[in-house]
Amino acid sequence: MDIMQDPQDWQLDRYAGLLGPFLNQLRDYALYILDTDGCIRSWNEGAEQLKGYAAHQILGKHFSVFYPPEDRAAGKPEQALAAAAREGSFQAEGERLRADGTRFCAAIHISALRDAAGQARGFVKLTRDISVAKAAEAALRESEARFRALFEHSNDAIVLALLDGPILSVNPAACRLFGYTEQEFLSRQRDDIVDMGDPRVEPACHERARAGEATAELTFIRKDGSRFQGSVTSSQWQDSAGRQLTSLLVQDISRRKTEQEALRQSESRLRLLYEYAPVGIVLSDLEGRLTFANRKFVEMSGYPPEELVGLPYLDFSIPEEADTTRELMRKLFGAEVGTVCRERHLRRKDGATFWVRVTAGVLLDEHGRPEYAIGVFEDIAEHRRAEEAVRRSEERFRATFQNAPLGIFEASLDCRILNVNTKLLEMLGYQHDELVGMSLLDLTHPTDLEQTTQLFGQLRAGVIDQYVLEKRYLRRDHSFVWVKVTMSLPQQTGRPQYSIAIVEDITERKKAQEDLRRAMEQSYHLANHDPLTGLANRSQFNDRLRDALAYARRDDHMVALHLLDLDRFKSINDSMGHHVGDLLLQAVAGRITSNIRATDLAARLGGDEFVVIQTHLADPAAAGALAEKLVDELSRPYVLDGQETHSGASIGIALYPNDARDGEALMKRADLALYEAKHRGRYNYQRYRDEMGAAVREALRLEQELLRALRDDELCLHYQPQFDVRTGRITGVETLLRWRHPQRGLLAAAEFIQDAENAGLMLPIGEWTLHTACSEYRGWLRAGFDAPLTLNVSSRQLKHPRFLPVLRRVLQETGLPCARLQLELRESLLLDPKSPEVFLRQLKTSGVRLALDNFGTELTALSSLSRYPLDVVKPSRALVRESLSGAPANSMLAAIVGVAHGLNIQVCAEGVETAAELASVRSHGCDSAQGNLLSTPLEGHEMERMIGEHLM
C-alpha cells in the first residue's frame, strides 16, 4: 500500500521535510529516507543517537557506510535496496557500524516509496538496536542449560503432575525407575505409578495439603506391573497460571529423599525461542480514523486493507485501555504532548489481543498545523512472553533451589563454592556469605579428602560424567555430618565452567546402620553364647562339632568330646543361694577355658553341664591328659562371695572316629561315659567302652515297648481313695498309672516312669492318663461324687510348652470342671531354679488345684510353702514313720502341719500302712490319709462301686 501518493509530482525532499519533525520524535529508532541510489536524504534524532553521526555529517552519503567492511564487500547494501525495490520491502538482522567504529546488533526494515505510476522514487529505512534482546536470549539459554543439567542429571526420579492426576513431565531417572519412555509417561496419570491401595497414601496426601510438603514411604508401580517400595518427597504449589501442581521425588528404598521435579517443568518452559517482527505503521486523520496501514499492520490486526481505511483507531483498544487511549489521543492532537510511547494491547479483528509497543506522533503541514497522525506498532508479544517465561523459570528455579529438601550447591572447577541453598546452610551451620568462596576441600573430613580429590579430578578431566560418594562434611562447629554427594558437570557447549552437587544428610541412616551392626553383633553373640558364663551355647556347640568332625574326616585326625557334670552343684545352689551358684558356674567356665587350646571349644549346655571339643588329636592319650587336668583343676577350692566352697567334676569322653562317626552318636557315647564316671564315685573321668552301649540298647528296647503299650492299650489306671482321718469320708481320689506288660505282668508306675521320661514319652502318656481319668471321673461326678481327682505330673511334663494347651483341651473335651482336678507335683520342682513361680500361679489361675507330693525328702525349707499357690501338701512316707518315734510336738510332721495350716493348706499323709501310723497322723493334725491300710489301689469299676457305697 502506498504510504504517500501525490498525483501532481513526487517531491522526495518535500516529503522528507514534512516527515522530518515526526521522525525526530521516534528516538528509539533510526529512521531516514534514501534516494534510489541509496544516498541519505533525511535523518532523525533517533538515527543520530544510534549511529553517532550528526545530520550534516551523514546527509548525502551512501547508507552502506553503516555496514561492516565484510558486508559491503559482499554487496549486501545493494542487495537490500534491490530486494526492497522488487518486493516493496526488505527486513533483516545483522551487525552495523557506529560513527566511532563500534558494532551493534540491529533489526532493519526498508520500504520502497513509489509514485502514482508505481515507479520507485526512494526508500524509507527503519533501524532498531536489538543488542539488549540478543543478550537476553543468551542469558535465557544459559539459565535453561543450568536448569536442564540439574534436572537431567538427578539420580532420583522426578515426576511433575497436576494435582488432579495428569503427568506433565518426568526426568530420565523416572523413566529408568518406572520403565516408561518419556512419551508413555506423558499419557499417564499419577495414580498409574502410585499404588493408591497403600494405606500410607492418604495420610501423606493430607500432610502435603496441610504443610505444602510431605515425605513418606509408599508402594509404587512400574510399567511391567511390578511393585516396589520407594521413598517419596512430594510438594504442592500453584504456578503463575493458577494451576495446582504437585511434584514427586522418588527414590528406591535404598536411596533417600530429593526433590527436583519442578526443574523438569522449568526446563520444558525454557524451550521457547523468541523472534522480533518488523513494526506496523498507520496514518490517521485528526479524528482518529485510519487513512493508511502498511502490510505488517494488516498482518498484525487481521483486517483486510480495504476495511482498515476509515476504521476508528479506538477499535483496536481493549475496553480496559480505551479511556487511556482516548485521553492520550486528545493530548496528542491538542499538542499537549509531542509524542506518545507506550505498551498496550492490540485487539485483532477476531477479538484476540496481543501486546505491542506504540510510538505515535502528529505530523504538521508547512504552516505548522496538525495534518495527520502516525503510529508505529512493534509486536512485543513474544518479548512479553519471553520475559514472563524467564521470570517464571527463575522463580521456579530459585524456589526449587532454595526450598529443596536436599542441600544443593554450585562450585567452580577449582573447588570453590559459587552458590548454595538454604538446606545446605542449615546442614553445615554456616551463613551464606561464609560458605560462598570456601573450598570444598576445607569442608571435607580429612579421612575422605584423598578419595574426594581423586573423584573430582576425574570429573573435571572428563574421565567420568558424575560420581556419588558417601562422605563426611565438617560443620562450622567442627563436628561432622554424614552426607551422600552426587556431583556432576552440566552438559553444555564448550568446556563446563562449574559443577553441580546435590547433598543428602544421611547421618541418621549411618547411625541406624551402626546401631544395627552393633545390635547384630550383640544378637549374634547372644544367639551363640551362654549369657551367664560367656561360653558357647548349645547352638554354637552343635555347629562347631559338625565343623570339627568335617575337618577331622578331611585331615584324618581324631576329635575328643568331653562331657562334664559338676559335683555338689545342687547342694551349693540350695544352701548358699542361686547367686553363689551362678558365681560357681562362671568360675568353672574360667578354669575350663584357661586349660584348653585356642583351637578347642568350651560350651555350657545348660544347668551344670559343660562340654569341651578337643580337636587335632594324634593320640587318644591326649584326651585323657586334658580330662585329668580338668578334674584336678575343677576340684580345687573356690572362693565365692567371700566363702570357700568345694566342687568338682565328672567327665565322660568319646573319641571320633574310634567311638562314633557323627555328632549325635558321639554325644550319646560321652553321656554313657559320664554316667559311668558318676557311678564310680564322681571326681574322675571315664572313656567310652563298647560295653557301656548295652544300657543304650536297653533304653531303646524299653522305648519300643512303651510305644507299643500306648498303641495296644496296655496302659491302665488304678485309683486309691483318700479319707478324712476324723470322719472316714472320701476326700479325694489319686490316679495311679499301671502297665499290663505281656511278659512282666502288672507294673507300677515307679517301674517304668523313668524310662518313659528318658524316652521323651511322658507327654503322650500324660495326655492319655489325663484324658482317660477325666472321662471316667465325669461319670462319678454325674452320680453325685464331688471329691477332687488327683493326677501326678512330672517336672518334665510341666515344662513342656504343650502341657497347658493339652490340659485346657482335655478339660473342654471331657467337660470336667477345673476345680475338680488336682495336679500333684514333686517336691524337686521347687528346687529347680528354672521352674517359674509365675507359671505355677498361671496354672492355679486356670482353676485347677495343686498338691505337693512327698514333701520333706529334698530338705526343702518350710518357708517355700508360702511362695507357691498350693492347696494340699503330702508329707513323705519317711516322715509318717518318723512321727511314731517321738512326741508329736517335736516331730517334723508336726512342723509341716503347723506351717501348712497357717497358710490354709490341707495336709494329706500318704503311705499309711498300720493302725499306729493312722493314729499318729491323726494326732499330728493331718486332715486326710492315704495308704493300703485304708484301701489298696482299685480298678475303675471297683472304685466306682466304692463311690456308690460312699454316697448311700
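Which residue in S13 is the bridge partner of Arg 342? In this predicted model, the partner is Val 358. That pair belongs to one strand pairing among many elements, since the chain holds 35 helices and 36 strands. Here is a friendly tour of the whole chain, one hairpin, and one sheet with the helices that lie across it.

**The chain as a whole**
- Of the chain's 952 residues, 49% count as buried.
- About 44,800 Å² of the chain is exposed, and carbon and sulfur atoms supply 50% of that area.
- Looking at contacts with a separation of 6 or more, 56% come from residues 24 or more positions apart.

**The hairpin of S12 and S13**
- Strand S12 covers residues 339-347 and strand S13 covers residues 353-364; the two run antiparallel and are joined by nine bridges.
- Five residues sit between the strands of this hairpin, and Gly 351 takes a positive phi near 90 degrees.

**The five-stranded sheet**
- Strands of a sheet pair through backbone hydrogen bonds, in either a parallel or an antiparallel sense.
- The sheet here is open, with mixed pairing and the strand order S21-S22-S20-S25-S26.
- S21 (601-606) and S26 (685-687) are the edge strands; each has a single partner strand, so one side of each has no neighbour in the sheet.
- On average, neighbouring strands of this sheet are turned by 20 degrees against each other, with direction ignored.
- Within the sheet, S20 (residues 558-567) pairs with S22 (residues 609-617) in the antiparallel sense, over seven bridges.
- If you want a residue to start from in that pairing, try His 562, whose bridge partner in S22 is Val 612.

**Helices across the sheet**
- H22 lies across S20, S21 and S22, and runs at about 5 degrees to S22.
- H24 (residues 663-679) lies across S20, S21, S25 (648-656) and S26, and its angle to S25 is about 145 degrees.

**Where H21 meets H22**
- H21 (residues 569-576) packs with H22 (residues 578-594) at an angle of about 140 degrees, and their axes are 6 Å apart.
- The two helices are therefore oblique to each other.
- On the H21 side, the contact uses Phe 569, Ile 572, Asn 573 and Met 576.
- On the H22 side, the residues met are His 578, Val 580, Gly 581, Leu 584 and Leu 585.
- By type, the residues of this contact are six nonpolar, three polar and no charged.

Methods
Residues are numbered from 1 along each chain as its sequence is written. This is a predicted model: local features need pLDDT of at least 70, side-chain atom pairs count only at pLDDT 80 or more; totals for chains, interfaces and linings use all residues. Side-chain values use heavy atoms; hydrogens and water are left out. Axes are lines fitted to C-alpha atoms, for helices over the stretch in contact, and angles run from 0 to 180 degrees between N-to-C directions. Helices (H or I, at least four residues) and strands (E, at least two) are DSSP runs, numbered from the N terminus. Angles under 35 degrees count as roughly parallel, over 145 as roughly antiparallel, 65 to 115 as roughly perpendicular and the rest as oblique. Contact means heavy atoms within 4.5 Å. Ala, Val, Leu, Ile, Met, Phe, Trp, Tyr, Cys and Pro count as nonpolar, Asp, Glu, Lys and Arg as charged, and the others, Gly among them, as polar. Two strands pair if DSSP finds at least two bridges between them. Buried means under 20% relative accessible area, exposed over 50%, partly exposed in between (1.4 Å probe, protein chains only). Accessible areas come from the Shrake-Rupley method with a 1.4 Å probe; for residues, only the protein chains shown count as cover.
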